[in-house]
Amino acid sequence: MKDHAADDGGKRYDDSIGSRAMEKELERIISQDTTLLNITQSAQEGIDLGSGSGDSALALFKICPNLRTLHCVDHRNRLVSPFKEELSAVAQEHRMTMQIFMKTMAASREQVDVIMIASVQDLTQFRTVDFVNLARIVKPGGVIFEFAPNYSFKDQVPMEDFFHSLASNNGVNIWQRNE
């Protein structure tokens, strides 16, 4: 996949709850759901959309111990220490917008098991075509972990066209791709 840095006019949003807090919250939710536990334990391919410095990528990597590849997508930031070192075996950085990455992945017909989207304000700019591409890159039965305390996919388009909710609590939404 060829990367293209581009300005999508998105808003800058640097706030994050931190990788350990994300990991703990996801572990709590996953421990109560065998479907999620099976998905996270068997996931081999993942994406962190809006990866920033790498805290959300590390949280995804920790809850999905068998990831072989983790695409870290952010057109503004690069992974930094200590996240870069901990993710070095699996991380592939992509310096492009989320929309361009999803369009490129959908066109290549590549699919992943899990996606993390944490504290990404650019979700407000997603259009229906972006959700179609997102649905194309998540394997049937795969999941999206969304940390969005003030804005969510469910506020943008009818997610039920592509996904169903597995969990929603305190700004954490977990969506499973319809089979």
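**Exercise 1. In this predicted model, work out how S1 and S4 are joined, then place the pair in its sheet.**

*Solution.* Start with the pair itself: S1 and S4 run parallel, and four bridges join them. For one concrete position, take glycine 46, whose bridge partner in S4 is valine 114.

Now step back to the sheet. The strand order is S3-S2-S1-S4-S5-S7-S6, which makes an open sheet of seven strands with mixed pairing. Strand S3 (91-94) and S6 are the edge strands, each pairing on one side only. Ignoring direction, neighbouring strands here are turned by 15° against each other on average.

**Exercise 2. Find which strands helix H3 (residues 55-63) touches as it packs on the sheet, and do likewise for H6.**

*Solution.* Begin with H3, which touches S1, strand S2 (69-73), S4 and S5. The direction of H3 makes about 140° with that of S4.

Next comes H6, which also packs on the sheet, touching S1, S4, S5, S6 and S7. The direction of H6 makes about 120° with that of S5.

**Exercise 3. List the buried residues of helix H6 (residues 128-137) and say what covers them.**

*Solution.* Pick out the buried positions: Asp130, Phe131, Asn133, Leu134, Ala135 and Ile137. To read such a list, recall that an α-helix has 3.6 residues a turn, so residues three or four places apart point the same way.

Then look at the cover over these residues. Among the strands, it includes S1 (45-49), S4 (112-118), S5 (138-147), S6 (163-169) and S7 (172-177). Helix H5 (98-108) is also part of the cover.

**Exercise 4. Describe how H5 and H6 cross: which residues meet, and what is the handedness?**

*Solution.* Take the axes to begin with: they come within 8 Å and cross at roughly 50°. That angle is neither under 35 degrees nor in the range 65 to 115, so H5 and H6 are oblique to each other. Their crossing is left-handed.

Finally, go down to the residues. On the H5 side, Gln99, Met102, Lys103, Met105 and Ala106 take part. They meet Asp130, Asn133, Leu134, Arg136 and Ile137 in H6. Of these H6 residues, Asp130, Asn133, Leu134 and Ile137 are among the buried ones from Exercise 3.

**Exercise 5. Set these pieces in the whole protein: how many helices and strands are there, and in what pattern?**

*Solution.* Count the elements: six helices and seven strands. Along the sequence they follow α-α-β-α-β-α-β-α-β-α-β-β-β.

Now turn to burial and contacts. Of the 179 residues, 51% count as buried. Among contacts with a separation of 6 or more, 69% come from residues 24 or more positions apart.

Definitions and conventions:
Residues numbered from 1 in each chain as written. Predicted model: local features only at pLDDT ≥ 70, side-chain atom pairs only at ≥ 80, totals over all residues. Heavy atoms only, no water. Buried < 20%, exposed > 50% of the residue type's maximum accessible area, 1.4 Å probe, protein only. Helix = DSSP H or I, 4+ residues; strand = E, 2+ residues; numbered from the N terminus. Contact = heavy atoms within 4.5 Å. Pairing = 2+ DSSP bridges. Axes fitted to C-alpha atoms, helices over the stretch in contact; angles between N-to-C directions. Parallel < 35°, antiparallel > 145°, perpendicular 65-115°, else oblique. Left-handed = near helix turned anticlockwise from the far one by under 90°.
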